Amino acid sequence: MTSTTSSPKRRNASSRSYFAFLLKQNWPVLITNAVILVLLNVITLYMDITETEAMFSTRESMIRSMQEFARVMRAINILVSSCLAVVWGCGCMSYLNSKTNIQFYHSIPKTRISLYISESLAKFLCYLIPMCLSVGLSVIIMGVHREWNLSVIGIQLSGLICSVIYFLLYFCIMVFAASFTGTAFARIMNAGLVVFLPSAIVLCLTYIWSYNAVYSVHTWATELALKIFLPARTLMVAVEESENVLGELILALVVGLAFWVLGLLIYRFRKSELSGTPVISKVASAVIKYACMFCGAVVGGIFFEAIAGGDGWFICGALIGALLCMMLINTILTKSAKQMFRGLPGFGAFCGVFLAVFVLFGVDLVGMDGYVPHAAGIKYITVTTGDTTFRMEDREDIENLSDAVREYIKANPTRESYRSVSAIEIIEKERIESVTHETDEMVYSYKSVSNSFCYMNIRFVTRLGFIYEKSITIYPAYTGEEGAKLLTALADAEEFADAYFDLVPSDVNVRITSVNHIRNDQMDVWNEKGYPERLRAMRAGYNGMDYFQRGTFLSLSCRGAQDDQWYPTYVYPVYDITDNEWRALVNTISYIYVMNNETGEITKYEDADSIRAICESTYFAQGSTVFTLLDSYYGVYVYFADGQPAASTGAFVRGLVPDFIP
Amino acid sequence: MIKIESATKYFSDVCSLDAVTMRIPDGSIFGLIGSNGSGKSTLLRAMSGIFALDKGYVLYDGFNIWENTEQKAKLVYLSDEPFFLPHSSIGEMRDLYRSLYPTFSDTKFEQLLKVLGLPEHRKINTFSKGMQKQTSVLLGLSVCPKYLFCDETFDGLDPVMRHLVKRILMDDIAERGTTVVIASHNLRELEDVCDHIALLHKGTLLFQRELDDMKLNIQKIQAVFTDECAEEKLRTLPLLNLERRGSMYTIVARGTRDELENELQKMHPQFCECIPLTLEEIFISEMEENGYDFHDILA
């Protein structure tokens, strides 16, 4: 037996001819893409330019507006490109869904590789050409309006590249799904499963693992799942934050091409007679079925647990969820509702394995929740407090912190320990009875009286690469010396000092007035210089730009770390001496309670000097920022003469605790 | 020559082709017959490179057909359900075939289009089933293939058009020496076009013969005898079938025409004439000799 291939020259000529025919056949795709993309990029840009020309008097403002517009359009382009990829991906190699069609295509003098490449490339070109055309036209329109700006063009080009890569990613996934499916519906379903199922499985596993955990969390697993299995999401985040875009682009491209090549390999050996079969491989069918059943089980469990509560209901919901999923998947895979109960023995085995996994990890028979690895085996620790994450590699610090965490968990094995009632409850009784804020409700449910707490996420990475992640919330009033020791171990670490900088302004009378002031070291348009420009824009109905954004009520936006990332965290002063209204109100403050959260000692201050001094140093902030910005060891409760609280419970800015406070 | 060696194909657990081995000479018109599910279409698809065989191979002049574009360019497979691009006209389909087959002949296309009288610019999905079959034949023959495989191609054609299509096929074969393989379950349809016949049953090749050989060795004779002992004498012949209506006997017997006529003349018939055998009669005879009940096979 011999085999041969046609001469390359003749083969190439035939391939070119067929490819030209395919392009010609795909003219509706090309036209549709062109209409959508030109409308999206060219027409909207033209409208924006004509609108903003009337709105702004300076070129600088105009450019800023266009930059903002280009960023928005970049995000929309990515979204639209992804949708186009899914739609056109459905139509690519649609002959695989029909027995008649596949017989024709597999009998013609084209190899499967040639068919696969031609079909994919034709559809891709029908997207790429109009996309490039629309961006090119956008640049020309900017030139015509004399608004050429390299930064705007740069954003547009980056949008073009990102959109093309997004298109490729989803298109390749669709083509990959096509290679092992034989019906149009199954192709869409399988493409969805390829995109979301791995992440869903990891998230479900993480949920079970964390089901009864007090301290163990697996955000690392979630992050990993999303990063590895949802490259599109990671890329989107990178584009929005302009961080490591190139790396993420390359990753998305590699993932997309990997799917495409995998699809080609499967198609190369795919049996023609399997067209019309939802999934051509029995192994793939089984994987899809049991993976969906697992996710369905966890979702069902969560649903029942949320409604009725309790492990029993979780199990009950899980079994019902798995059964429903099995019925649905069987119906889809066999294209017959009569087959919905097919594979009941497999279902039984699945239930057994699920229960075993739940008992082993969900109920934590192995005691993973309280386990903290020994310092000698830890490579490094990452700690997240507030909005900042820092890494500890110093051996002494690692030892101190791991010991402190271990002792803390040992002393507080369950959350029940927070249920002790403090004497402070008497002071805060009225507040507890009228809780409205979510955090207050949470605190109330634990019968705590102070919403002052420190949340931290500590991730121990061992030398072997295992990750043990603990989430700890310290209520200084109730966690006793173990909590204090843990906070001290953290604050004393060298890396902590490096990561956080002194948050106390050198001159407390110099107030930072806006986000722009901190971010860009310049006053924003709220000031006198910028006001007319903003007013002009507002009259033209132009809203929603960051450029005009300003924190509510003399906000202080703080930088959490020294990595040039700015976090718009608002910390509100309880009392602001620069504000006329508050200056008047301060006279109405009758007394202030200051509680030492660690010892529970309460001191009442009634004299005007003390009240003023405390107010000048007291802020309140939202939950988890407390440890980063404010001193958690004190709670400040300000009351008017009529006994009504003047503000939410405050805390002193770190390092600004007045000397007279014990 | 097409050489099929131990071709075996399974669909799940069902064996559709069971070690089929056959030779199809160049320039022949080869009829594949068998009942529904006998494996005719599967064999044609394997020969066209659509199905990968689980065992065995199909060779064209010594070259394997699987993923072999050079060999595939020489063949056209006309499916029982013809393929057309969605909402396409004959003109668009011509463009497709022209882009795929370097041997596509526009002259031939125009010529056949005229003969068949099909509208070039009307959407094919508005055509009747018969017109669609004609279109597929038109496109297939315009490629000027060396090998043409027709799967139930004459189904759905009216008698006049069936005759016309057959004539077109014959002309093409005569002109270019095309090798045609026709799969059908209808013996009468094949008998006036095929020169070779293969019978498939449950995926197995029962036999393959040249039609002329078969016809030369089996004769059908009608004879009239007044002698009451004629039947007894006739039974001395190598009979395959004997029917009597009054004094007229219809004899199907093995042997050459001359041999049988000489033997009959010795019995002094009042009248004796050799009449043509239908393909069905030949098959009945052959199958019965092989121990099969033909009516069970071609039900």
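Talking through the model

Biologist: What is the mean pLDDT of chain B?
Modeller: In chain B, 95% of the residues reach a pLDDT of 70 or more, pLDDT being the predictor's confidence in each residue, from 0 to 100. This is a predicted model, in which local features need pLDDT of at least 70, side-chain atom pairs count only at pLDDT 80 or more, and totals for chains, interfaces and linings use all residues. Residues are numbered from 1 along each chain as its sequence is written, while chains are lettered from A and ligands numbered from 1 in the order in which they are written. Averaged over chain B, the pLDDT is 86.

Biologist: And what does chain A average for pLDDT?
Modeller: In chain A, 67% of the residues score at least 70. The chain's mean pLDDT is 74.

Biologist: Over residues 501-585 of chain A, how many contacts beyond near neighbours in sequence does the model have?
Modeller: Two residues are in contact if their C-beta atoms, placed from the backbone, lie within 7 Å. Residues 416-452 of chain A have a pLDDT below 50, with 55 contacts beyond near neighbours in sequence. Residues 501-585 of chain A are below 50 as well, and their count of such contacts is 109.

Biologist: What ipTM does the predictor give the complex?
Modeller: The predictor gives the complex two scores here. Its pTM is 0.71, and its ipTM is 0.86.

Biologist: Which helix of chain B gives the most to the side that touches chain A?
Modeller: Across this interface, 28 residues of chain B are in contact with 27 residues of chain A. On the chain B side, strand 4 (55-60), strand 5 (63-64), helix 2 (69-72) and helix 3 (90-100) each supply at least two residues; helices (H or I, at least four residues) and strands (E, at least two) are DSSP runs, numbered from the N terminus. With four residues, the top contributor is helix 3.

Biologist: By class, how many nonpolar residues are on the side of chain B that touches chain A?
Modeller: Ala, Val, Leu, Ile, Met, Phe, Trp, Tyr, Cys and Pro count as nonpolar, Asp, Glu, Lys and Arg as charged, and the others, Gly among them, as polar. That side of chain B has eight polar and six charged residues. Its nonpolar count is 14.

Biologist: How far apart are the C-alpha centres of domain 1 and domain 2 of chain B?
Modeller: The split is domain 1 (2-202) and domain 2 (214-297), with bounds from an automatic or database domain assignment. Five residues of domain 1 of chain B are in contact with five of domain 2 of chain B, and helix 7 (residues 187-191) supplies three residues of the domain 1 side, the largest share. The C-alpha centres of the two domains are separated by 37 Å.

Biologist: At roughly what angle do the axes of helix 12 and helix 13 of chain A cross?
Modeller: Helix 12 (residues 311-334) and helix 13 (residues 344-362) of chain A have axes that come within 11 Å. Axes are lines fitted to C-alpha atoms, for helices over the stretch in contact, and angles run from 0 to 180 degrees between N-to-C directions. The crossing angle is roughly 145 degrees.

Biologist: How many nonpolar residues are in the contact of helix 12 with helix 13 of chain A?
Modeller: Helix 12 of chain A brings residues including Ile315(A), Leu319(A) and Met326(A), and they meet a helix 13 set that includes Phe347(A), Cys351(A) and Phe358(A). There are no polar and no charged residues in this contact. The nonpolar count is twelve.

Biologist: Why does Asp61(B) count as partly exposed?
Modeller: A residue is buried if 20 or more other C-beta atoms, placed from the backbone, lie within 10 Å of its own, exposed if 12 or fewer, and partly exposed in between. Asp61(B) lies in the loop between strand 4 and strand 5 of chain B, and its phi is positive, near 50 degrees. Asp61(B) counts as partly exposed because its C-beta neighbours inside 10 Å number 13.

Biologist: Is Met93(A) buried or exposed?
Modeller: Met93(A) lies in the loop between helix 3 (59-91) and helix 4 (99-105) of chain A, and its phi is near 55 degrees, a positive value in a residue other than glycine. With 24 other C-beta atoms within 10 Å, Met93(A) is buried.

Biologist: How many residues of helix 1 of chain B are buried?
Modeller: Helix 1 (residues 40-47) of chain B is mostly covered, and its buried residues include Lys40(B) and Arg45(B). Gly49(B), with a positive phi near 80 degrees, follows the helix. Of the eight residues in helix 1 of chain B, the number buried is eight.
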